[in-house]
Amino acid sequence: MNGDEQLLRGRVYGHDHDDPDPGPLPHQTYAALTGGPLDGLLLDITGWRPEEVDDGAALPTELGQFPGGRSLYDPRPGEPRRPGPGVSCRFYHSGDTP
């Protein structure tokens, strides 16, 4: 794991590594991002409806195949989700788009 990857681990997507608290909050719900340029980050899905979670996310990033584009992350059908706060599911990298 290189230095950039270490900065991402356990951090919430959208927070900078130098934010006062870039980590998860105990009352929020997260999807763990797996694979791709945002591997190891947590995505805050607090308040998302189940169908929104099913749709996954297209996340703006400078780290993907297309700098300034989006990395696509989706849940796997049938993979269990844990209700309540904390990490409730995983989103897997499915590609990048400009």
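# A guided tour, starting at Thr29

Select Thr29 to begin: this residue counts as buried, because its relative accessibility is 18% and the cut-off for buried is under 20%. Keep in mind as you click around that this is a predicted model.

**Stop 1: Thr29 and its surroundings**

Thr29 belongs to strand S1, which covers residues 29-34. Now show what touches Thr29, leaving aside neighbours within four places in sequence. One group of partners is Leu43, Asp44, Ile45 and Thr46, and the other is Gly84, Pro85, Gly86 and Ser88. To put a distance on one of these pairs, pick the C-alpha atoms of Thr29 and Leu43: they are 8.4 Å apart in space, with the two positions 14 residues apart in sequence numbering.

**Stop 2: zoom out to the whole chain**

Switch to a cartoon view. You should find two helices and five strands, and reading from the N terminus the order is α-β-β-α-β-β-β. The chain has 98 residues, and buried residues make up 34% of them. If you draw a contact map, consider the contacts with a separation of 6 or more: 49% of these join residues 24 or more positions apart. Turn on the surface as well; about 5900 Å² is exposed, with carbon and sulfur atoms supplying 52% of that area.

**Stop 3: the largest nonpolar core**

Which residues make up the largest nonpolar core? Select these twelve: Ala31, Leu33, Leu38, Leu41, Leu43, Ile45, Val53, Ala57, Leu59, Tyr73, Cys89 and Phe91. Colour them by element of secondary structure, and three strands stand out by giving two or more residues each: S1, S3 (57-61) and S5 (86-97).

**Stop 4: Ser88, back toward the start**

Next, select Ser88, which lies in strand S5. Is Ser88 buried or exposed? Its relative accessible area is 10%, so Ser88 is buried. Beyond four places in sequence, Ser88 is in contact with Thr29 and Tyr30, with Ile45, and with the run Pro80, Arg81 and Arg82. You have met Thr29 already, as the contact between Thr29 and Ser88 was on the list at the opening stop.

**Stop 5: the second largest pocket**

Thr29 and Ser88 also meet in the lining of the second largest pocket. To display the whole lining, add Ile45, Thr46, Gly47, Trp48, Arg49, Pro50, Val53, Arg81, Arg82 and Pro83 to that pair. The volume of this pocket is about 150 Å³. By residue class, the lining divides into five nonpolar, four polar and three charged residues. Ile45 and Val53 are worth a second click here: both are in the lining, and both are members of the largest nonpolar core.

**Stop 6: Pro75 in its loop**

Move on to Pro75, found in the loop between strand S4 (69-74) and S5. Although Pro75 sits in a loop, its relative accessible area is 16%, so Pro75 is buried. Not counting residues up to four places away in sequence, Pro75 touches Val53, Asp54, Gly56, Arg81, Arg90 and Phe91. Among these, Val53 and Arg81 also line the pocket you just visited, while Val53 and Phe91 belong to the core. For a distance label, use Pro75 and Gly56: 19 residues apart in sequence, their C-alpha atoms are 6.1 Å apart.

**Stop 7: Leu42**

Leu42 is your next selection, in strand S2 (residues 42-44). Leu42 is buried, because its relative accessible area is 11%. Measure across to Gly23 in the viewer: the C-alpha separation is 8.5 Å, for two residues 19 apart in sequence.

**Stop 8: finish outside, at Gly68**

Finally, go to the loop between S3 and S4 and select Gly68. Buried or exposed this time? With a relative accessibility of 55%, Gly68 counts as exposed. Not counting residues up to four places away in sequence, Gly68 touches Thr61 and Glu62. One last distance takes you to Thr97: 29 residues away along the chain, its C-alpha atom is 9.4 Å from that of Gly68.

Technical notes
Residues are numbered from 1 along each chain as its sequence is written. This is a predicted model: local features need pLDDT of at least 70, side-chain atom pairs count only at pLDDT 80 or more; totals for chains, interfaces and linings use all residues. Side-chain values use heavy atoms; hydrogens and water are left out. Helices (H or I, at least four residues) and strands (E, at least two) are DSSP runs, numbered from the N terminus. Buried means under 20% relative accessible area, exposed over 50%, partly exposed in between (1.4 Å probe, protein chains only). Contact means heavy atoms within 4.5 Å. A nonpolar core is a set of buried Ala, Val, Leu, Ile, Met, Phe, Trp, Tyr and Cys residues joined through side-chain atoms within 4.5 Å. Accessible areas come from the Shrake-Rupley method with a 1.4 Å probe; for residues, only the protein chains shown count as cover. On a 1 Å grid over the protein atoms alone, a cavity is a set of points where a 1.4 Å probe fits but cannot get out, and a pocket is an open set with protein on both sides within 12 Å along at least five of seven lines; lining residues have an atom within 4 Å of a point. Grid points are joined across faces, edges and corners, and a volume is the space filled by probe spheres set on the points. Ala, Val, Leu, Ile, Met, Phe, Trp, Tyr, Cys and Pro count as nonpolar, Asp, Glu, Lys and Arg as charged, and the others, Gly among them, as polar.
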